[in-house]
Every structure is written in structure tokens, then in C-alpha cells.
Amino acid sequence: MAEPLIRAEGAAHSWDGTRWQFRDLDFAVAAGQVTAVLGANGCGKSTLLRVATGLRAPTRGRITVAGTAALVPQDFARAFPYRVIDMVLMGRARHIGLLRMPGRRDREAAMEALAVIGLAGKAAERFDALSGGQRQMVLIARAIAAEPAALFLDEPASALDLGNQDRVLRLVRVLADRGLAVVMTTHQPNHALAVADTALLMLPEGAVFGPCHEALTETRIEMLYGLPVRILDVKAADRGFRSVVPLYRG
Amino acid sequence: MTAALSVAAARRETRILWALAAVLVLTTVASLGVGRFDIPPGRVVRVLLSPWLAPAEPVSPIEWSVVVVVRLPRVAMAVLAGAGLALAGASLQGLFRNPLVGPQVVGVSSGAAFGGTLAILFGWQHLGLVGAAFAFGLSALVLVWLFASVVSRSNILVLVLAGVVVSGFFGALVSLVQFTADSQDKLPVIVFWLLGSFATADAGRAALLAGPVLPCAAALLALRWRINILSMGDEDARALGVPVAGLRWLLLVLTAMIVSAQVAVSGMIGWVGLVVPHLARMLVGADHRVLLPASALLGGSFLLLVDNAARSMSASEIPLGILTALIGTPMFAALLWRTRERWMDG
């Protein structure tokens, strides 16, 4: 494996110093790799991303990123109706001096990022007028515009319909193939199987990290969500798909 | 095609900014001619240029005195105050992530008013007056900020209520000062000062206003793109690599300085900082890179026009604070009406 860009060593976080959200996390993500982080609601997935991007200090251990870490937050309501290009330009903040405005190079980088997500045609439109899937893509473009080494995405495909889920997942793969180290949290084991090289399962009794297809077993997923599942291998369109089928009791 | 689209949008915004600048220049020239001694705009320009370019018909001492000595300081103060208030209002709206915020809503005006009344009571003048207004204006703003942060960062209602609380507190202190002030001597001064007016304008007061307003406005304009990022919220802005805490303090101090200087020299002039940024946003959109200069230009013209009305509508001057409230409240009500669907959606 190439030299990892993201490395967690014994990382732990607790809000109150007694109950741990997560502890003893060890994992590494190299350039070109996607790691999916899975865990039940409230297990600290979002906090893990905040610690990795430097927004919070770990209570113990450390997570280091070689280069710039960019965070793609979940979509939330904005106070002002900015245009798409203005949103993406914000990603350039690290490259622009405090009293300076974005210049030509910044606009080019922003337009390039929009081209990568395939929404260059929407640059002059209002961000809040886009669909949920497009807004998520624009937030990803904003992160790319920062020219990061590592990209952290907080449930990028949770609120989207199937078609948009596929679009975002393909984009995640494309970005990794361009040389980024990518970490994304998800509630969908199938999303992990679709794009991730490695998976970090935040189980109550301790985290498991490994190659995605080995880490995601029926037993572990059941432990993760308290719901029995079956893993099926399906052959379609000359490809093999591995799929997790939840055995809903409802 | 896309690049063309955004270039077209940028050109449109630049054209609007130039148009607003032209309106401000024309309003300024016209205002220098308006009054009991009417001078046509063309003649005003000749009078202004006369030290360098002698006109065919020599400028009379009366013309010079009316345009340059009497009206110029007043017009300059109205433009500076209007531009400053609108700039401060637009910045505060971005900073508080809330288009309903203005210098009055977040308490800075009433804090500065208390500082000013205190200064008048103790006979502090010039820098003492501005300093006292600034000290209490900034205190009020910080109190509202802390209150809103502790209770709920994102709730509009909490923010507005925090403003009501702090404004109410400083309002009571203003009343207390008025109650203790000498009713023959200090009280009338305080009352008329609070109502807001440029009637006492002179070169010294104009300089007292320009001193803090020009550098603070320049600093706000230099930081205006960062306000876009701050308006995303603390965590998002930090994730984008912006030093949120320091930048926010800087912006709070700059806006408090502008509003306090305005209150110190011309009393309470409400609604400009709330309504003008709204109007500007309707013209040029939400991007603070364009919104801040547009607000400043529009605010300068707006307050200048209101001041012209104040000094020419009746024999005795109508206090400015009364006029801006009479004009600003229905305008704001109309703006709320326009956006009612968005508010109903929550």
C-alpha cells in the first residue's frame, strides 16, 4: 500500500470524559482509496469527521492528514440565496489572503470543480433553487476547489433518490481515482460495497477496519444495526454485485 | 456558455454599481443646491470647481458660503452616515446569518445612544462623545451576541428577543439619564440629539464622523468576501479554513464603530441599516462582494434624500429619526409581505 494520506492512531473522543463516542481507532487511507465509515446513529461518525478535519481535538490519540483536509457537510438551510459559483468559490478561502478577493485563478479553479461534478452549466443559478442531489454535488465541488489531499464526506448520499445516490457514489469513485484519499460516512452498507476499498465499522465493542468485502459480514452488520441481514452476490450486466439485504421485521 | 453566463451576471452587477454611484453623485450635487437659497445643479458644480477653474460669472461670497461652508458639511455627513449605517447593517446581516438584523435590532444603536446621553450629561465633547457612544454600542452588541449564542445560535426569534432585552435595558438607562438631567439646560439637548438630525452640521462634526467611518468602511469592504463564508455558519466556515472567532470580533468592532460614530454626531437614525441592505439585495443579489458596495451607495443617497426632505419640507426642521422611521417602517412591512411565503415555509 502506498504511503497513507490519512492516518488515525489510537484516536478517541468523548464529550464528557467518561463515556466514549469512539476509542482506539486505528486506520489509514492512501491516495486513491475510499474508506466508508459505518455505525449506528449517534456512534460518533460525524464527530470522527470533525476530529479528522481539525474542527475538534481528539480526546486521546490523533488523526493526521498529509496536506489539506476538506469537509463536505450535510446539506443544510443557508441564510442567503447565493449563486452556485459563489458557493464553490468559498472553497478557495485557504488560498486567498485575508483582505483579498477571489481572483481569476480562483474562478478558474471553481469552474473546473463544477466541471468535474458536471454542473458547470449551473454556475450562475441560485444554489437554493437546485435539487437536493445537485446541492450535494455543489458542496462536493466546493470541497474540491480547495485542492485538498483528503476529502471527508458526511453522509453524502443519505437524503437522495436512487439515481442521485448513484451519481454521488460514482463521483466519489472518480475523485479517489484522481488521487484523493476519501472518507465517507454512510448508513447504507450497499454504498460502502459499491465504492469503498476499505470499511471502518464503529461497533459498540470496538471498531473494525479492513478491506470492505472482508469487513462487512452478515454478523457484523447485524451487530451494527440490530437487524438481521443477508449478503447476496448478484451477477448482472456482466458484473458481479455484492448486496446487503436487510430482513426488515416491519 | 456558462462562463459567459456568469460574466454576464458580473457585468450586470457592475452596471448596477456604476448606476448607484451615478445616482449618489447626482443626488449630492442636487442636494448642495436645494434649500431656502436655491442654486441650480450646474451652478453648484461651478462653485465647487471655482478654486481651480474660475467660472465666467464670478462666484459670489454668498454662493460660496451657502454651498461650501453651510451645505457641504451637512451633505457629507448625511452621505457618510447613510452609507455607514447601510454598510454596517449589511455586514451584521451576514454575520448574524439573518436578513432581519440591523444596528437597531442587535442593540448597538441604543447602547451608543446611552453612551451619547451620558457624554452630554457630563459635558464630554468630540472624541469623548464618540468614545462613550462606541464603548456602550460595542458592549450592547457583544451582550446580544453572547445572549444569542448561549441560548440558541441559529434561532432568529432568540436573536431578536436578545436585541429587545438589551435595547430595553439601555433604553431604560437613557431615560434615567434624561430624568436626572437639568430640564432647562441638558434635557432639551439630549432629547433633540436623540431624535436625530444633521442640523448642527459643520466641518468639525463632519470630520469627527469621517474619522472613524472611512477607515472602518474601507476595512469592511476589504473583508466583504469573507462575510459570505461567515454566513455559512461557524463550523462550515472553520472547515473552509477561515479563522471565525477573530474575524467575527473584528467585524463586530468595525460595525459598532461606524454606528457609534453616526449616533454620536447625529443621534438615533433608525431603519436605514435594516431596509437599505434589503433593497440592495433585491437589486444585486446576496453575494456580499457586490452587496456591501451597493448598500453603501444606496444608503448614502437614501439618507441624503431624507435629509433634504427634513430641511425643506417645513419651516422648522423635522428630526431625521422621525422621517427615517416613517419611511422605513412601511418599506420594511412591504419587504416582509414580499417574502411572506419564505417565512411561512419556516
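The following dialogue works through a predicted model of a complex with chains A and B.

Student: What ipTM does the predictor give the complex, and what is said of chain B?
Tutor: For chain B, the mean pLDDT is 90, and 95% of its residues reach 70 or more. For the complex, the predictor gives a pTM of 0.91 and an ipTM of 0.91.

Student: Which domains does the assignment give for chain A, and how far apart do their C-alpha centres lie?
Tutor: The domain assignment of chain A gives domain 1, made of residues 1-67 + 149-209, and domain 2, made of residues 77-146. Between the C-alpha centres of these two domains of chain A, the distance is 24 Å.

Student: Which helix of chain A gives the largest share of the side of domain 1 that touches domain 2?
Tutor: In chain A, 9 residues of domain 1 are in contact with 8 residues of domain 2. By class, the domain 1 side of this contact has 7 nonpolar, 1 polar and 1 charged residues. The largest share of that side, 5 residues, comes from residues 162-177 of chain A, which form helix α5.

Student: Which residues touch the most other members of the largest nonpolar core, and where does this core lie with respect to the domains of chain A?
Tutor: Within the largest nonpolar core, which has 184 residues, Val88(A) and Val172(A) touch the most other members. Helix α3 of chain B, residues 61-95, gives the most to this core, with 17 residues. Because domain 1 and domain 2 of chain A both give residues to this core, it lies between them.

Student: Which residues does Val172(A) touch, not counting those up to four places away in sequence?
Tutor: Val172(A) is one of the two residues that touch the most other members of the largest nonpolar core. Leaving out residues up to four places away in sequence, Val172(A) touches Val34(A), Leu153(A), Pro156(A), Val182(A), Met184(A) and Val195(A).

Student: How many residues does each chain bring to the contact between chain A and chain B, and how do those of chain A divide by class?
Tutor: Chain A brings 23 residues to this contact and chain B brings 25 residues. On the side of chain A that touches chain B, the residues divide into 17 nonpolar, 3 polar and 3 charged.

Student: What stands opposite Arg7(A) in β4(A), and what is its bridge partner in β2(A)?
Tutor: Strand β1 of chain A, residues 4-13, pairs in the antiparallel sense with strand β2 of chain A, residues 22-30, over 6 bridges. β1(A) also pairs in the antiparallel sense with strand β4 of chain A, residues 60-65, over 5 bridges. Opposite Arg7(A) in β4(A) stands Thr64(A), and in β2(A) the bridge partner of Arg7(A) is Ala28(A).

Terms used:
Residues are numbered from 1 along each chain as its sequence is written. Chains are lettered from A and ligands numbered from 1 in the order in which they are written. This is a predicted model: local features need pLDDT of at least 70, side-chain atom pairs count only at pLDDT 80 or more; totals for chains, interfaces and linings use all residues. Two residues are in contact if their C-beta atoms, placed from the backbone, lie within 7 Å. Ala, Val, Leu, Ile, Met, Phe, Trp, Tyr, Cys and Pro count as nonpolar, Asp, Glu, Lys and Arg as charged, and the others, Gly among them, as polar. A nonpolar core is a set of buried Ala, Val, Leu, Ile, Met, Phe, Trp, Tyr and Cys residues joined through C-beta atoms within 7 Å. A residue is buried if 20 or more other C-beta atoms lie within 10 Å of its own, exposed if 12 or fewer, and partly exposed in between; C-beta atoms are placed from the backbone. Helices (H or I, at least four residues) and strands (E, at least two) are DSSP runs, numbered from the N terminus. Domain bounds come from an automatic or database domain assignment. pLDDT is the predictor's confidence in each residue, from 0 to 100. Two strands pair if DSSP finds at least two bridges between them.
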